[in-house]
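User: Hello! I would like some help learning to read the strands and sheets of a protein model. Could we go through it step by step?

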Amino acid sequence: MVSKLMKHTRRVLSVCFSPDGKRLASRSSNGRVIIWNEETGAILSTLGSPISRVTLCVAFSPDGLKLASDADSNIRVWCFENAELLFNINVVNTCRDSKSARVQRVVWTPDGQQLVSVENENIKFWDSLNGTQMGQLGPHTGYNSDFDSTFAISSDGFFVASASFDLTVRLWDTPSENGSGWMW
(Lines give C-alpha, C1' and ligand atoms only; values in the text may rest on other atoms or scores of the structure.)
Protein backbone atom coordinates (compact mmCIF):
# COMPACT_ATOMS: atom_id res chain seq x y z
CA MET A 1 0.00 0.00 0.00
CA VAL A 2 1.34 3.42 -0.95
CA SER A 3 -0.79 5.52 1.41
CA LYS A 4 -3.98 5.60 3.44
CA LEU A 5 -6.15 8.71 3.01
CA MET A 6 -8.30 9.32 6.08
CA LYS A 7 -10.55 12.37 6.44
CA HIS A 8 -14.02 11.05 5.69
CA THR A 9 -16.35 10.62 8.65
CA ARG A 10 -18.70 8.21 6.87
CA ARG A 11 -18.30 5.18 4.61
CA VAL A 12 -16.60 5.93 1.27
CA LEU A 13 -18.71 4.72 -1.65
CA SER A 14 -16.99 6.04 -4.76
CA VAL A 15 -13.54 7.07 -5.93
CA CYS A 16 -12.15 8.25 -9.26
CA PHE A 17 -8.87 9.61 -10.60
CA SER A 18 -8.62 12.77 -12.65
CA PRO A 19 -7.66 12.12 -16.29
CA ASP A 20 -4.07 13.24 -15.62
CA GLY A 21 -3.87 10.91 -12.59
CA LYS A 22 -2.74 13.70 -10.26
CA ARG A 23 -5.95 14.01 -8.24
CA LEU A 24 -8.29 11.55 -6.61
CA ALA A 25 -11.91 12.32 -5.75
CA SER A 26 -13.64 10.30 -3.04
CA ARG A 27 -17.32 10.40 -2.13
CA SER A 28 -18.72 9.35 1.23
CA SER A 29 -22.22 8.29 2.20
CA ASN A 30 -22.95 11.69 3.74
CA GLY A 31 -22.40 13.50 0.44
CA ARG A 32 -18.94 14.92 1.07
CA VAL A 33 -16.52 14.85 -1.83
CA ILE A 34 -12.84 15.20 -1.00
CA ILE A 35 -10.29 15.98 -3.70
CA TRP A 36 -6.84 14.65 -2.84
CA ASN A 37 -3.40 15.26 -4.29
CA GLU A 38 -2.53 11.75 -5.42
CA GLU A 39 1.19 12.18 -4.84
CA THR A 40 1.18 13.82 -1.39
CA GLY A 41 -2.21 12.78 0.02
CA ALA A 42 -2.99 16.43 0.82
CA ILE A 43 -6.60 17.56 0.62
CA LEU A 44 -7.00 20.02 -2.24
CA SER A 45 -10.68 20.77 -1.59
CA THR A 46 -13.86 19.50 0.02
CA LEU A 47 -17.13 19.77 -1.87
CA GLY A 48 -20.72 19.37 -0.87
CA SER A 49 -22.62 19.28 2.34
CA PRO A 50 -24.17 16.41 4.25
CA ILE A 51 -27.29 14.97 2.64
CA SER A 52 -29.92 12.52 3.73
CA ARG A 53 -29.60 9.66 1.25
CA VAL A 54 -26.75 7.40 0.27
CA THR A 55 -24.69 8.75 -2.61
CA LEU A 56 -23.11 6.54 -5.18
CA CYS A 57 -20.91 8.30 -7.66
CA VAL A 58 -18.31 10.89 -8.47
CA ALA A 59 -16.73 11.50 -11.91
CA PHE A 60 -14.13 13.89 -13.34
CA SER A 61 -14.76 15.47 -16.73
CA PRO A 62 -12.39 14.31 -19.49
CA ASP A 63 -10.43 17.58 -19.26
CA GLY A 64 -10.20 17.23 -15.46
CA LEU A 65 -11.64 20.71 -14.83
CA LYS A 66 -15.08 19.68 -13.58
CA LEU A 67 -16.42 17.06 -11.22
CA ALA A 68 -19.93 15.58 -11.23
CA SER A 69 -21.49 13.90 -8.23
CA ASP A 70 -24.90 12.71 -7.18
CA ALA A 71 -26.69 14.13 -4.17
CA ASP A 72 -30.12 12.82 -3.22
CA SER A 73 -32.13 13.31 -6.42
CA ASN A 74 -29.66 15.74 -7.95
CA ILE A 75 -26.55 15.84 -10.06
CA ARG A 76 -24.09 18.50 -9.00
CA VAL A 77 -21.36 19.82 -11.26
CA TRP A 78 -18.40 21.53 -9.63
CA CYS A 79 -15.48 23.56 -10.95
CA PHE A 80 -12.39 21.84 -9.63
CA GLU A 81 -10.14 24.92 -9.56
CA ASN A 82 -12.21 27.00 -7.13
CA ALA A 83 -14.63 24.39 -5.67
CA GLU A 84 -17.57 26.41 -7.03
CA LEU A 85 -20.89 24.67 -7.66
CA LEU A 86 -21.52 25.41 -11.35
CA PHE A 87 -25.04 24.01 -11.50
CA ASN A 88 -27.41 21.51 -9.99
CA ILE A 89 -29.71 19.19 -11.98
CA ASN A 90 -32.85 18.21 -10.09
CA VAL A 91 -33.86 14.86 -11.60
CA VAL A 92 -37.17 14.81 -9.68
CA ASN A 93 -38.45 17.40 -12.14
CA THR A 94 -37.72 15.08 -15.08
CA CYS A 95 -38.82 11.75 -13.62
CA ARG A 96 -42.20 9.98 -13.94
CA ASP A 97 -42.02 8.59 -10.45
CA SER A 98 -40.68 11.57 -8.53
CA LYS A 99 -41.04 9.84 -5.16
CA SER A 100 -38.37 7.30 -6.03
CA ALA A 101 -36.23 9.43 -8.35
CA ARG A 102 -32.62 8.65 -7.54
CA VAL A 103 -29.43 9.18 -9.46
CA GLN A 104 -27.58 5.88 -9.48
CA ARG A 105 -24.63 6.67 -11.73
CA VAL A 106 -23.30 9.64 -13.64
CA VAL A 107 -20.45 9.73 -16.19
CA TRP A 108 -19.18 12.17 -18.80
CA THR A 109 -19.22 11.47 -22.51
CA PRO A 110 -15.68 11.07 -23.85
CA ASP A 111 -15.80 14.53 -25.47
CA GLY A 112 -17.01 16.14 -22.22
CA GLN A 113 -20.02 17.74 -23.91
CA GLN A 114 -22.63 15.75 -21.99
CA LEU A 115 -23.24 14.04 -18.70
CA VAL A 116 -25.00 10.69 -18.81
CA SER A 117 -26.95 9.45 -15.81
CA VAL A 118 -29.06 6.47 -14.91
CA GLU A 119 -32.09 7.12 -12.73
CA ASN A 120 -34.54 4.37 -11.96
CA GLU A 121 -34.96 2.67 -15.33
CA ASN A 122 -33.93 5.48 -17.70
CA ILE A 123 -30.64 6.76 -19.08
CA LYS A 124 -30.58 10.54 -19.50
CA PHE A 125 -28.27 12.90 -21.34
CA TRP A 126 -27.52 16.38 -19.98
CA ASP A 127 -25.72 19.36 -21.48
CA SER A 128 -22.50 19.67 -19.48
CA LEU A 129 -22.46 23.46 -19.76
CA ASN A 130 -25.85 24.19 -18.19
CA GLY A 131 -27.55 20.94 -17.13
CA THR A 132 -30.34 21.01 -19.71
CA GLN A 133 -31.74 17.56 -20.50
CA MET A 134 -30.82 16.65 -24.08
CA GLY A 135 -32.24 13.16 -24.46
CA GLN A 136 -33.32 9.95 -22.84
CA LEU A 137 -33.01 6.24 -23.49
CA GLY A 138 -35.10 3.54 -21.93
CA PRO A 139 -36.79 2.34 -20.03
CA HIS A 140 -34.63 -0.65 -19.25
CA THR A 141 -37.20 -2.79 -17.54
CA GLY A 142 -36.26 -4.90 -14.56
CA TYR A 143 -35.31 -1.96 -12.38
CA ASN A 144 -35.49 -2.67 -8.66
CA SER A 145 -35.43 0.40 -6.43
CA ASP A 146 -33.64 -1.53 -3.69
CA PHE A 147 -30.63 -2.22 -5.92
CA ASP A 148 -28.61 -0.37 -8.51
CA SER A 149 -28.68 -0.78 -12.23
CA THR A 150 -25.45 0.00 -14.03
CA PHE A 151 -24.31 1.35 -17.38
CA ALA A 152 -21.20 2.20 -19.38
CA ILE A 153 -20.56 4.50 -22.31
CA SER A 154 -18.29 3.49 -25.19
CA SER A 155 -15.00 5.33 -25.73
CA ASP A 156 -16.37 6.95 -28.91
CA GLY A 157 -19.58 8.03 -27.15
CA PHE A 158 -21.86 6.32 -29.69
CA PHE A 159 -23.14 3.48 -27.50
CA VAL A 160 -24.41 3.00 -23.98
CA ALA A 161 -24.69 -0.45 -22.41
CA SER A 162 -27.13 -0.92 -19.54
CA ALA A 163 -27.66 -3.87 -17.23
CA SER A 164 -30.43 -4.57 -14.78
CA PHE A 165 -32.15 -7.20 -12.71
CA ASP A 166 -34.13 -8.60 -15.65
CA LEU A 167 -30.95 -10.59 -16.49
CA THR A 168 -30.24 -8.57 -19.64
CA VAL A 169 -27.60 -6.23 -20.99
CA ARG A 170 -28.93 -3.73 -23.52
CA LEU A 171 -26.84 -1.85 -26.02
CA TRP A 172 -28.27 1.55 -26.97
CA ASP A 173 -27.38 3.64 -30.01
CA THR A 174 -26.91 7.13 -28.54
CA PRO A 175 -26.87 9.34 -31.65
CA SER A 176 -30.44 8.41 -32.55
CA GLU A 177 -31.67 8.73 -28.96
CA ASN A 178 -34.80 6.94 -30.16
CA GLY A 179 -34.91 4.44 -27.35
CA SER A 180 -34.13 1.50 -29.56
CA GLY A 181 -31.62 -1.00 -28.34
CA TRP A 182 -30.49 -4.56 -28.67
CA MET A 183 -31.02 -6.98 -25.83
CA TRP A 184 -28.54 -9.73 -25.01
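Analyst: Gladly! Let's begin with a definition: two strands pair if DSSP finds at least two bridges between them. Keep in mind that this is a predicted model. Here, strand 6 (residues 66-71) and strand 7 (residues 74-79) are an antiparallel pair joined by six bridges.

User: What holds paired strands of a sheet together in general, and which residue is the bridge partner of A71 in strand 7?

Analyst: In general, strands of a sheet pair through backbone hydrogen bonds, in a parallel or an antiparallel sense. In this model, A71 has N74 of strand 7 as its bridge partner.

User: How do I go from one pair to a whole sheet? In what order do the strands of the open sheet with strands 5 and 8 run?

Analyst: Follow the pairing from strand to strand. The order is 5-6-7-8, and this open sheet of four strands has antiparallel pairing. Its edges are strand 5 (58-60) and strand 8 (84-90), each of which pairs on one side only. From one strand to the next, the twist averages 20°.

User: Which strands form the open sheet that includes strand 1, and which are its edge strands?

Analyst: That open sheet has four strands in the order 1-2-3-4, with antiparallel pairing. Strand 1 (12-17) and strand 4 (43-47) are the edge strands, each pairing on one side only. Its twist averages 20° from one strand to the next. Zoom in on strands 1 and 2: they pair in the antiparallel sense over five bridges, and V12 stands opposite S28 in strand 2.

User: Let's stay in strand 2. Is R27 buried or exposed?

Analyst: To judge that, use the cut-off: buried means under 20% relative accessible area. R27, found in strand 2 (residues 23-28), has a relative accessible area of 1%, so R27 is buried.

User: Which side chain does the R27 side chain make a polar contact with?

Analyst: The partner is the side chain of S69, at 3.3 Å. Since you have the structure open, try finding this pair in the view.

User: Finally, how do I read the chain as a whole? How many helices and strands are there?

Analyst: Start with the element count: the chain has zero helices and 16 strands. Then look at burial, where 46% of the 184 residues count as buried. For the surface, the chain exposes about 9,400 Å², with carbon and sulfur atoms supplying 52% of that area. Last come the contacts: among those with a separation of 6 or more, 39% are between residues 24 or more positions apart.

Definitions and conventions:
Residues numbered from 1 in each chain as written. Predicted model: local features only at pLDDT ≥ 70, side-chain atom pairs only at ≥ 80, totals over all residues. Heavy atoms only, no water. Helix = DSSP H or I, 4+ residues; strand = E, 2+ residues; numbered from the N terminus. Buried < 20%, exposed > 50% of the residue type's maximum accessible area, 1.4 Å probe, protein only. Contact = heavy atoms within 4.5 Å. Areas by Shrake-Rupley, 256 points an atom, 1.4 Å probe, with all protein chains shown as cover. Polar contact = N/O pair within 3.5 Å; in protein donor to acceptor, adjacent residues only side chain to side chain. Axes fitted to C-alpha atoms, helices over the stretch in contact; angles between N-to-C directions.
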